Amino acid sequence: NIMIMKEKILEAINNSKVINTHSHHRNDDFFIDFNLDKLLENTYISWSKVDFDKSEQSRQNYLDKVRFKSYFVWLHKALKEIYGIKDELSAQNWDYYSDIINSYHKDKNWHKEILNNNCKYEKIILDTYWEPGSNNGDPGLFCPTFRINPLFFGYSKDAFDHNDNNVYKLYGREFNDIDEYVFFIRELVKEKINNGCVAVKNALAYDRPLDFKAGSRDDAQKVFKNRDNITENEIRLFQDYIFGEICSLAAEINIPLQCHTGMGRLEKTNALNLMQTIQTNPETKFVLFHGSFPWTDDIAGLLHTYPNVYCDICWLPLLSPTAAQYSLAQMIEIGTSDKIFWGCDTWTSEESYAAKIALTNVLADVLSQKI
C-alpha cells in the first residue's frame, strides 16, 4: 500500500537530522520585535507584490489573493504547527497570530530553536549576501558560502550587483590592472575558505545571462584600463574572464561552486547555458541550484552527461511541489545518490520550516512511488 509506505517514509524523514545546503537566515537582531507582518514582508510571498496594512479589508484582500500560492500554503502549515494554532489565518484573527509569534520571539534564541527542534538542522550553509562570507556569529550552526557576485563588477567603482554590493566599498582596495585584480580575487577566496567558508556562490542569474564564454585576459585588461567608456558587451567579456578564473580556482582548492540557475532575470538563465563552462572545467564541482525552474529538464540532461554536475533543489519544493516531484524523480533515475541536495533558501525560521515541510512531502511522495 503506497499510503502506508509514504507514512513510514515521512516518519523516517521527520526523525532524521538535516544538512541544509542553502539559506539566507538573518542574524539575531533581525528577529527583535518580530511579528506576522514582518514575517510576511520577508518571505517569498512578498514577491507577489500584494500589499497589506492594518485594516481588516486590506488583510482580507491579501489573503484572497495569496492563499493558494505554494509559498503561503506551506508557511501557513508551518505557523500552525510551530505555534500550536488550530484556526486558519483570517483577517479577523490576524492580530492573534501576530501576537503569538511576537511573544515567542521575545526570547532572542527562539528563531534558532525552530531551526534546531522543528527543522532538525545539523548544519546550515549560509549565504549572507549583505555580508559575504559571514556565519552570523554562530559557527556551530552556520557554515558560510562566499557569494562572489560583487567580484564581477570590479570593472568600475560605480558598478553594483543586484544586492547593491560594490567590490571597492566592500574591501576598500584599489587595482591597477587585471592581473592585480585576479590576484586579489584568488587571495580573497582562499582567505574566506580558511576562515570557514565551505563553498563559493554565483547568483549572477539576477544580474546577467548565464551564457559565459571562454574569457580573454587581454579583453578583460582593456575593460579595466578604459572604465569610463565601456560597452555592455565589453562588460560581459570582463565577467566571462573573471568567471573562468573563479572556476579554475574552485577546482584548484577543491571547493564546490554553487550556481543559481532558472528564475532570475529569466533571459538565458536556464542551466543549459552553463554547458560550455561545465565542459571546459571538468575538475570544477558545479552545484546547480533550484532545479533550473522552470527549465527543469536542463538539470536532468546536465546531470546525466557531466560527472562534475551536482543538483540542489533548494527553493524548488516551496516554489512548486509539482515541479519538484517531477524534477526529483528524474534526478533519482538519472543521477547517483551523492549528487542531490536540498536547502531551504529562506530568511526566517518559520519559512525555513515551511520549506522543510514542503521538501518532506515531495520526497515522501517521490520515494513511495519508487517502491
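This report walks through the sheet, some loop residues and two sets of helix contacts in a predicted model.

**The sheet**

Let's start in the middle of things. Eight strands make up an open sheet, and their order is simply β1-β2-β3-β4-β5-β6-β7-β8, with parallel pairing. The edges belong to β1 (18-23) and β8 (340-341); each has a single partner strand, so one side of each is left without a neighbour in the sheet.

Take the β1 edge. Here β1 runs parallel to β2 (residues 121-126), and 4 bridges join the two. Within that pairing, S23 sits opposite L126 in β2. Being at an edge doesn't leave β1 out in the open, though: 5 of its 6 residues are buried, so the strand is largely enclosed by the rest of the structure.

Over at the β8 edge, the partner is β7 (residues 309-312), and this parallel pairing rests on 2 bridges. If you want a spot to click on, look at D312, which stands opposite F341 in β8.

**Just past β1**

Follow the chain out of β1 and you get to the loop that leads to α2, where N27 is found. How buried or exposed is N27? With a relative accessible area of 32%, N27 falls in the partly exposed class, as the cut-offs are under 20% for buried and over 50% for exposed. N27 and T128 are 101 residues apart along the chain, yet their C-alpha atoms are separated by 9.5 Å.

**Backbone oddities in the loops**

Two residues have a positive phi without being glycines: L266 and K268. Both live in the loop between β5 and α11, where β5 covers 257-259 and α11 covers 275-280. Here they are side by side:

| Residue | Phi | Relative accessibility | Class |
|---|---|---|---|
| L266 | about 75° | 44% | partly exposed |
| K268 | about 55° | 42% | partly exposed |

There's another backbone feature to check, this time a peptide bond. The one from F293 to P294 is cis, with omega near 5°. P294 itself is in the loop that links β6 (286-289) and α12 (296-305).

**α9 against α10**

Now for a helix pair. The axes of α9 (residues 217-225) and α10 (residues 232-252) come within 8 Å and cross at roughly 125°. That angle makes α9 oblique to α10, and the crossing is left-handed.

Which residues do the meeting? From α9 you have R217, D219, A220, V223 and F224, and from α10 there are E234, L237, F238 and Y241. Split by type, the contact between α9 and α10 has 6 nonpolar residues, 3 charged ones and no polar ones.

**The buried side of α5**

Last stop: helix α5 (residues 94-104). Which of its residues are buried? W94, Y97, S98, I100, I101 and N102 are. As for what they touch, the buried residues of α5 pack against four helices, namely α2 (36-41), α3 (56-66), α4 (70-83) and α15 (349-370). Note that α2 turns up here as a packing partner of α5, and α2 is also where the loop holding N27 ends up after leaving β1.

Definitions and conventions:
Residues are numbered from 1 along each chain as its sequence is written. This is a predicted model: local features need pLDDT of at least 70, side-chain atom pairs count only at pLDDT 80 or more; totals for chains, interfaces and linings use all residues. Side-chain values use heavy atoms; hydrogens and water are left out. Two strands pair if DSSP finds at least two bridges between them. Buried means under 20% relative accessible area, exposed over 50%, partly exposed in between (1.4 Å probe, protein chains only). Axes are lines fitted to C-alpha atoms, for helices over the stretch in contact, and angles run from 0 to 180 degrees between N-to-C directions. Angles under 35 degrees count as roughly parallel, over 145 as roughly antiparallel, 65 to 115 as roughly perpendicular and the rest as oblique. A crossing is left-handed if the near helix is turned anticlockwise from the far one by less than a right angle, and right-handed if clockwise. Contact means heavy atoms within 4.5 Å. Ala, Val, Leu, Ile, Met, Phe, Trp, Tyr, Cys and Pro count as nonpolar, Asp, Glu, Lys and Arg as charged, and the others, Gly among them, as polar.
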